[in-house]
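Subject: Structure for your review

Dear colleague,

Please find below the structure that I am handing over to you. I should be grateful if you would look through it alongside the notes that come after it.

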Amino acid sequence: MFNRYDAGERAVLVHIWFFQDKELENLQEFKNLVTSAGIEVLQVVIGKRNIPHSKYFVGKGKALEIAEIIKVSKASVILFNHTLTPVQERNLKQLYKCNVLDRIGLILNIFAQRARSYESKLQVELAQLRYLSTRLVHGWTHLERQKGGIGLRGPGETQLETDRRLLANRIRLILSRLNRVEKQRTQSRRVRNKADKLTISLVGYTNAGKSTLFNIMTSANAYTADKLFATLDPTLRRLNNVNLREVILADTVGFIRHLPHDLIVAFKTTLQETRQAKLLLHVIDATDIYINEKIKVVNDILMEIKANNIPVLLIMNKIDALDSFKPRIDYDKNNQPIRVWLSAKSGLGLSLLWEALSKYLLGEIVQYNLCLPPMASRLRSQFYQLKVIEKEWNEDDGSVILHIRIPINHWRYLCIQEPSLTNYII
């Protein structure tokens, strides 16, 4: 049902500057999207307009100019760095006699290429079906033919009505399957919450280095690549740090400007990990010249998925590409970490990230020497479960001396549960 523009396609890119636009599309980002889709760029056509042309989007003169370029270059697909209406897409296909794809269609295509798991394939297909459903009436004129016969929904049903019905049936089937996946994820989160395990979620603009940071923090082998949307499937691993051993880190899909709403809806179960997180690590490419615009895009999407109230720690990544820049932690007026400068690729500044996370999640680390009597074995067992015992030795009277390093939040909680705990400090 879908045209997959795989590697080997040859494309002409179209980018139009609109004077009234306050947020101009990034042409270089569009080229990166095309490259990520495995499409060869033959030529880039740039123009200026006040408003989009109702029929061809680019205006009749520019449309004919592009038609001549297609004829000479023998391009197989025309890619627009904009959102086309179904009518504009139909008119352009009739004029150019080749495939026409807008920015949303290109992003959907890249997601389709990257999808590997059962869940992500369902999510991408759902977004594609919803995108296609708006284009059925304008996409194929042959769908207006009448059909009749046994087994159809009444005599005289058009091919268009048949395809709409098949699309609706397929969407319902996918939604039911995704609902089962969501129930499984909900059950997994319930188990983690019952075990008192916190979840931290990585978020950020696509290709900011989230998966690279995820691998170095968890000793995982998640797929990484210097291309857009390298990660679609959510991955969860335990943090590789002794003080945060009971914390789970989630790697999620990257965001991008004008991320199709259908994709956000389709990836609801995946983004649920972000909405349920205790803390968000917003990974940012510190070398990007459009850094402020991309931070705003991520914040807007977090608001759309209702995750904007979750605390955020900014991770300024790729500082190894900056001249003479040293890793550091930035603090707010309450001495709370708000920003960590590091390089996930080289590991530079990773120790500062652990320090910031420990302070953010656990609070200050305190040390105590405790003398526990023989009847306090249950309390000793709790310290072992928390993995906070540094040294231990036995006394002749049967008591046990413990040297512990423990987050102050854990210590305060234990003191509430065992009011006599402070009596054991020596």
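The notes below go from the chain overall to one residue, one helix and the internal cavities.

Please bear in mind throughout that this is a predicted model.

The chain as a whole

The chain has 426 residues, of which 48% count as buried. Its secondary structure amounts to 14 helices and 16 strands. If one takes the contacts between residues at least 6 apart in sequence, 69% of them join residues at least 24 apart. The accessible surface of the chain is about 21,700 Å², and carbon and sulfur atoms account for 50% of that area.

Ser73

Ser73 belongs to helix H2, which covers residues 60–73. Is Ser73 buried or exposed? Its relative accessibility is 16%, and because the cut-off for buried is under 20%, Ser73 counts as buried. Apart from neighbours within four places in sequence, the residues in contact with Ser73 are Arg10, Val12 and Leu42.

Helix H14

Helix H14 runs over residues 408–417, and its buried residues include Ile408, Trp411, Leu414 and Cys415. These residues lie on the same side of H14, because they cover an arc of only 120 degrees around the axis. The general geometry is helpful here: an α-helix has 3.6 residues a turn, so residues three or four places apart point the same way. On the face of H14 turned away from the buried side are the exposed residues Tyr413 and Ile416.

Which elements cover the buried residues of H14? Among them are two helices, H12 (350–362) and H13 (377–386). Strands E14 (365–372) and E16 (400–407) also form part of this cover.

Cavities

Three cavities of 30 Å³ or more were counted in the model. The largest cavity has a volume of about 50 Å³. Its lining consists of Asn26, Glu29, Tyr205, Arg257, Tyr290, Glu293, Lys294 and Val297. Helix H11 (residues 291–304) contributes the most to this lining, with three residues. How is the lining of the largest cavity made up by class? Four of the lining residues are charged, three are nonpolar and one is polar.

With kind regards

Conventions: Residues are numbered from 1 along each chain as its sequence is written. This is a predicted model: local features need pLDDT of at least 70, side-chain atom pairs count only at pLDDT 80 or more; totals for chains, interfaces and linings use all residues. Side-chain values use heavy atoms; hydrogens and water are left out. Helices (H or I, at least four residues) and strands (E, at least two) are DSSP runs, numbered from the N terminus. Buried means under 20% relative accessible area, exposed over 50%, partly exposed in between (1.4 Å probe, protein chains only). Contact means heavy atoms within 4.5 Å. Accessible areas come from the Shrake-Rupley method with a 1.4 Å probe; for residues, only the protein chains shown count as cover. The arc is that of the directions from the helix axis to the C-beta atoms. On a 1 Å grid over the protein atoms alone, a cavity is a set of points where a 1.4 Å probe fits but cannot get out, and a pocket is an open set with protein on both sides within 12 Å along at least five of seven lines; lining residues have an atom within 4 Å of a point. Grid points are joined across faces, edges and corners, and a volume is the space filled by probe spheres set on the points. Ala, Val, Leu, Ile, Met, Phe, Trp, Tyr, Cys and Pro count as nonpolar, Asp, Glu, Lys and Arg as charged, and the others, Gly among them, as polar.
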